[in-house]
Amino acid sequence: MFLEQIKLINFRSFETLTIDSFSQINCLVGENGSGKTNFLEGLYLLSSNRGFRTGDRKELTNRKADGFFIQGVFDGEVIERTVSEKKKKLTLSEQSIASNHLRTHNPVVAFSPNDIFLATGTSETRRRFFDAAIALRDDEYSDYLAKYERALRQRNASLKKDPKNADIWNDALITNGAKIIKKRLDFVKLLIPKVEALYQEFTKGSATLKYFNNFKLTQNIEDALKEALAQSKSEDLRRKHTSKGPHRDDITLLINDLPAAKSGSQGQNRTLSFALKIGSVEIIEETLGRKPILLIDDALLEVDPKRRQYIFDKFYSSGLQLFFTGTTKEFFDFIQPSEAINFINFDD
Ligand SMILES: Nc1ncnc2c1ncn2[C@@H]1O[C@H](COP(=O)(O)OP(=O)(O)OP(=O)(O)O)[C@@H](O)[C@H]1O
Ligand SMILES: [Mg+2]
């Protein structure tokens, strides 16, 4: 996808911002607090129904206004989002569109310095990354996830207050849970060779990932989950929560066969988290036949110049439209030829 024009009204620090020309490489330059991340967040909202920092309407709306409007033209198609207390509207070419369809129609992936937590953080951080990446290639996924999470909350509440009815929710857990696991396994299978190759290309070292199920999988995932729920029932009653299912799946990243969280250096973990995200971008592109737009918010700050160059070349040669942030023009000296850059100045 290629952003041609954008208009933000009463969004974050902007009362009105219109930009009507972009290139493949776009560098947002401005001092701290000048609105670079705000701009990326607005652009991101033309793909996702929540910003990458928050989904809170009040935080996203300019403090002087009571709602915001964002319009983008991507490959000649107009996407508009209107959000206020009373009104929520999302359109593609003037027709209403559901958020989950917009995500796969106009995939946008944001990179940030927090991505290092993919390597160093909890398995919940990694599950959330998986869920977001899969939702970008599969517009049914978020629906299964929402239904599963609802059933899980209800079952856990029953285990606390009304244990004899806890199993009422099992059918919803099993149907949706099995779909989630299947889609995660499919994604991991595609991701592993990509992460291994990318990490090796970036560092000459070796890294991989492993996906752990917390119950025994068999050919029929629904049957296996059903069995796991039945077997863990007495433990669940004692602990008052559901112990088996995809909400407890674990993804471990390994560098030279050791868990990255424990033994990876800061730079290795950062590079591995890049490999994970770039690998997922490749899968999204291969699945959808559309090129995601990449928002790289300060994410290259902490990698050394050689790797920065490598990562940039990787993005650039894949033909994706890129948005980088930096506080000075000189920060972008690693981009050659610099004539190809569209600088957008946020200081004035
Ligand atoms: N809803 C809002 N209404 C008005 N101003 C807002 C709103 N939300 C954030 N801001 C302002 O936007 C500014 C932050 O902008 P942003 O995070 O985009 O900066 P940045 O250019 O990315 O800075 P950095 O280089 O530090 O990352 C802050 O001054 C903040 O007060
Ligand atoms: Mg910022």
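Begin by colouring the protein by its domain assignment, which gives domain 1 (1-107 + 290-348) and domain 2 (117-289). The model on display is a predicted one. With both domains coloured, place a marker at the C-alpha centre of each: the centres of domain 1 and domain 2 lie 28 Å apart.

Next, turn to the contact between the domains. Domain 1 contributes 16 residues to this contact, and domain 2 contributes 17 residues. On the side of domain 1 that touches domain 2, select helix H3 (99-105) and helix H12 (305-317), the elements that give two or more residues to that side. The residues on this side of domain 1 comprise 6 nonpolar, 3 polar and 7 charged.

Now proceed to the largest nonpolar core, which has 79 residues. Select Leu43, Leu272, Ala275, Leu294, Leu295 and Ile296, the members that touch the most other members. Then add helix H7 (residues 170-203), which gives the most to this core, namely 11 residues. Because domain 1 (1-107 + 290-348) and domain 2 (117-289) both give residues to the core, it lies between them.

From this group, centre the view on Ile296. Apart from its neighbours within four places in sequence, Ile296 is in contact with Phe111, Leu322, Phe323 and Phe324.

Finally, select ligand 1 and the 16 residues around it. Ser13, Asn32, Lys36, Thr37 and Asn38 come nearest to ligand 1. Highlight helix H1 (residues 36-44) as well, since the largest share of the shell around ligand 1, 3 residues, comes from this helix. Colouring the shell by residue class shows 1 nonpolar, 11 polar and 4 charged residues around ligand 1.

Definitions and conventions: Residues numbered from 1 in each chain as written. Chains lettered and ligands numbered in written order. Predicted model: local features only at pLDDT ≥ 70, side-chain atom pairs only at ≥ 80, totals over all residues. Near = placed C-beta within 6 Å. Helix = DSSP H or I, 4+ residues; strand = E, 2+ residues; numbered from the N terminus. Nonpolar A, V, L, I, M, F, W, Y, C, P; charged D, E, K, R; others polar. Core = buried A, V, L, I, M, F, W, Y, C linked by C-beta atoms within 7 Å. Buried ≥ 20, exposed ≤ 12 C-beta atoms within 10 Å, placed from the backbone. Domains from an automatic or database assignment. Contact = placed C-beta atoms within 7 Å.
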